[in-house]
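Me: I'd like a close look at one part of this model, please. Take me through it slowly.
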Amino acid sequence: MPNWKSVKINEDGTKDFSDIIEKAKKCKSPDEIETGTIVGGFAHNQVLELADKVVEGVKSRAIKKFIVMAGCDGRSKEREYYTEFAKALPKDTIILTAGCAKYRYIKLDLGDIGGIPRVLDAGQCNDSYSLVVIAMKLAEVFECEINELPIAYNIGWYEQKAVIVLLALLHLGIKNINIGPTLPAFLTPTVVNFLIETYNLGTISSVEEDIKKIR
């Protein structure tokens with residue numbers, strides 16, 4: 001573009017960013033948008049230390065449902081769904097999350113159930129493993145199949161690496177997973193039909209309708 005400056009490239013191939021650095025030094029400091037803290041660190045080893053408390057919460061019906069809301073975030077407005085979904089969840093539900101999807105709701109004041117935060121953040125995308133370990137431990141404690149647990153799955157989809165998380169869940173035989181805002185675009189109609197028929201894989205609809213499904 002005319003009148004645009006380019007980053008200088010030195011003879012050895014390295015780039016000279018000195019002009020950009022000098023310009024940055026003269027710019028106004030950024031304004032602080034928000035402050036606060038985010039509670040995390042709820043990988044499986046930490047949650048399992050609270051297993052007795054969690055199990056008692058389930059048995060007493062103080063905790064009626066766990067919602068796995070792991071996955072990806074994105075800029076599209078339709079992803080506001082996940083914020084509204086978290087707000088609309090009954091007070092007796094706990095969100096299990098990992099990945100950047102959590103930033104749609106982790107700053108909400110959702111409170112706790114008997115001292116257990118209503119959002120348990122296991123960490124990054126690859127920490128979704130921890131959520132699976134928690135589910136498998138609960139199935140062991142309650143002597144039931146994983147699909148019989150009071151767990152619903154509402155997972156945010158965005159990029160290809162997230163399909164590994166989905167495939168891991170399907171490998172474990174987990175059914176009734178909802179993903180959104182849409183199904184992965186690379187899935188062929190044949191594969192989609194197989195996943196729907198075999199695993200009852202679905203997509204999100206409205207917050208109101210999806211809340212009804214998990215009750």
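Which residue follows α5, and is its phi positive or negative?

Reply: That's E143, and its phi is positive, near 50 degrees. Bear in mind that this is a predicted model, where local features need pLDDT of at least 70, side-chain atom pairs count only at pLDDT 80 or more, and totals for chains, interfaces and linings use all residues. Residues are numbered from 1 along each chain as its sequence is written, and side-chain values use heavy atoms, leaving out hydrogens and water.

Now back up into α5 itself. This helix (a DSSP run of H or I, at least four residues) covers 128–141, so to speak 14 residues. From first C-alpha to last, α5 reaches 20 Å, close to the 20 Å expected at 1.5 Å a residue (that is, 1.5 Å times one less than the number of residues).

Plenty of α5 is buried (under 20% relative accessible area, 1.4 Å probe, protein chains only): S128, S130, L131, V132, V133, I134, A135, L138 and A139. Those residues pack (heavy atoms within 4.5 Å) against the helices α2, α3 and α6 and the strands β3, β4 and β8; a strand is a DSSP run of E, at least two residues.

Follow β8 and you get to a neighbour, β9: the two pair (at least two DSSP bridges) in the parallel sense over four bridges. One of the matches is N154 with N178 in β9. The chain gets from β8 to β9 through α6, in a right-handed β-α-β crossover (clockwise from first strand over helix to second, with the strands pointing away from the viewer). So α6, which the buried residues of α5 pack against, is also the helix of that crossover.

How values were computed
Buried < 20%, exposed > 50% of the residue type's maximum accessible area, 1.4 Å probe, protein only.
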